[in-house]
Each structure stands twice: as C-alpha cells, then as structure tokens.
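Welcome, and thanks for taking a look at this one. The report below walks through helices, cores, a pocket and a few individual residues.

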Amino acid sequence: MKISGASCIDPSAVFRGVILLAVPHMDDEMLACGGTIALLPQKDRIHAVYATDGMKAPAPVMPWRDSISPDLGDVRRKESQAAMGSLGVPEENLEFLGLPEGRLAKNGRRLIAALKETMRRVNPTHLLIPFRYDRHADHLAVNRAVMTIC
C-alpha cells in the first residue's frame with residue numbers, strides 16, 4: 001500500500017491469526033488501534049479485554065461541585081461496544097473486567113489473574129498492549145500485567 005509516495009505496512013499482512021487488545025479504559029482501543037482494526041479482515045478474530053470499570057473519566061471539572069453519573073461505566077461500556085461494532089468486531093469478543101479505574105496497580109493480582117484467564121481462553125497470536133513508557137498509571141499496570149504473564 002502507498003500513500004503519497006510513502007510505503008506503508010499492510011496490517012492484514014502483519015497481524016494474521018487471533019488478536020487480543022489488552023485495553024486499560026474504554027476508548028483506548030479506538031485511540032490506539034482503531035485505524036488498524038478498521039483495515040483488518042475477519043473481525044471475528046479480534047478480541048478486546050477492558051480492565052477498568054469506566055467510572056472515573058471524565059473526572060468532574062470541579063470535584064467540589066460536580067459529580068460522576070452513577071451510570072458512567074455503563075455508558076462508556078455501551079460506547080465501546082458500539083464503536084467496536086461499527087468496525088465489525090463482534091460484541092461477544094469484548095470482555096469487561098470492571099476493576100477500579102485509577103487503581104489497577106493496587107489490584108495487580110486480580111488484573112493478572114483475569115488477563116491470564118482471558119489469554120488462556122482466547123489463545124491470541126498477537127497481543128496489543130499499552131506502551132511500556134506510557135505515563136498513565138493504569139496503562140502501565142496493563143502493560144506490566146501482560147508482560148508478567150508472558
């Protein structure tokens with residue numbers, strides 16, 4: 001594939017087999033991998049496991065006055081299901097662990113156990129995880145958990 005004179009890598013040539021996205025927060029799958037997912041054929045081989053419950057983002061603008069809606073986690077979950085569905089990824093390939101957002105490092109054992117079980121069940125050929133030098137604590141926790149398992 002060529003775009004304005006530059007040579008591009010074809011994701012379908014690189015990512016053959018089963019793909020598992022280890023996603024810290026709902027929306028990270030689209031921000032990090034949405035373009036790649038859109039280009040991949042056979043969407044039924046793409047799986048995502050979301051670590052957090054979605055209850056802290058967006059944070060209240062003025063914490064002393066604003067509050068988080070009690071259904072924020074459900075709203076964000078439905079948004080991720082709709083977004084992945086729009087790319088053709090089956091809803092049954094999405095798993096939500098519901099661990100406390102902003103506290104993944106403190107729930108490391110639970111995170112590792114849940115990710116290990118998902119990886120055992122899905123048996124991915126490729127794992128897409130957050131970058132090891134990411135600055136967000138939850139992203140780092142997911143990276144470290146997957147690397148510990150591997």
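## Ground rules

Helices (H or I, at least four residues) and strands (E, at least two) are DSSP runs, numbered from the N terminus. With that in hand, Asp71 can be placed in the loop between S4 and H3.

This is a predicted model, where local features need pLDDT of at least 70 and side-chain atom pairs count only at pLDDT 80 or more, while totals for chains, interfaces and linings use all residues. Residues are numbered from 1 along each chain as its sequence is written, and side-chain values use heavy atoms, with hydrogens and water left out.

## Two helices and what covers them

Let's start with helix H5, residues 137-149. At 1.5 Å a residue, its 13 residues should span 18 Å, and the end C-alpha atoms are indeed 18 Å apart; the expected span here is 1.5 Å times one less than the number of residues. Buried means under 20% relative accessible area, exposed over 50%, and partly exposed in between, with a 1.4 Å probe and protein chains only. By that yardstick, Asp138, His139, Leu140, Ala141, Val142, Asn143, Ala145 and Val146 of H5 are buried. Their cover includes S3, H2, strand S4 (46-52), helix H4 (108-122) and strand S6 (126-128), where contact means heavy atoms within 4.5 Å.

Helix H3 (residues 72-86) also agrees with expectation: its 15 residues should span 21 Å, and its end C-alpha atoms are 21 Å apart. The buried residues in H3 are Leu72, Gly73, Arg76, Ser80, Gln81 and Met84, and what covers them includes H2, S4 and strand S5 (94-99). After H3 comes Gly88, with a positive phi near 95°.

## Nonpolar cores

In soluble globular proteins, nonpolar side chains tend to be buried together. A nonpolar core is a set of buried Ala, Val, Leu, Ile, Met, Phe, Trp, Tyr and Cys residues joined through side-chain atoms within 4.5 Å. Which residues have the most contacts inside the largest nonpolar core? They are Leu21, Ile37, Ile46, Ala48, Tyr50, Met84 and Leu94, in a core of 15 residues. S3, H2, S4 and S5 each supply at least two residues of this core. Apart from it lies another core, of 13 residues, including Ala22, Val49, Met119 and Val142.

Leu21 is a handy residue to click on. Leaving aside neighbours within four places in sequence, Leu21 is in contact with Glu29, Cys33, Ile37, Ile46, His47, Ala48, Val49 and Leu128.

## The largest pocket

On a 1 Å grid over the protein atoms alone, a pocket is an open set of points where a 1.4 Å probe fits, with protein on both sides within 12 Å along at least five of seven lines; lining residues have an atom within 4 Å of a point. Grid points are joined across faces, edges and corners, and a volume is the space filled by probe spheres set on the points. The largest pocket holds about 190 Å³ of space.

Of the 15 residues that line the largest pocket, Pro24, Asp28, Ala32, Ile129 and Pro130 lie nearest its centre. Strand S3 (19-23) and helix H2 (28-39) each supply at least two lining residues, and H2 gives the largest share, five residues. The lining divides into 11 nonpolar, one polar and three charged residues. For this split, Ala, Val, Leu, Ile, Met, Phe, Trp, Tyr, Cys and Pro count as nonpolar, Asp, Glu, Lys and Arg as charged, and the others, Gly among them, as polar.

## Residues worth a look

Most residues other than glycine have a negative phi. Asp27, in the loop between S3 and H2, has a positive phi near 115° and is partly exposed because its relative accessibility is 37%. Asn123, in the loop between H4 and S6, has a positive phi near 55° and counts as exposed at 57% relative accessibility.

Gly34 sits in helix H2 and is buried, with a relative accessible area of 11%. Leaving aside neighbours within four places in sequence, Gly34 is in contact with Glu29 and Leu87. Ile112 lies in helix H4 and is partly exposed at 28%. With the neighbours within four places again set aside, Ile112 is in contact with Ala145, Thr148 and Ile149. Ile112 and Thr148 are 36 residues apart in sequence and 7.8 Å apart in space, C-alpha to C-alpha.
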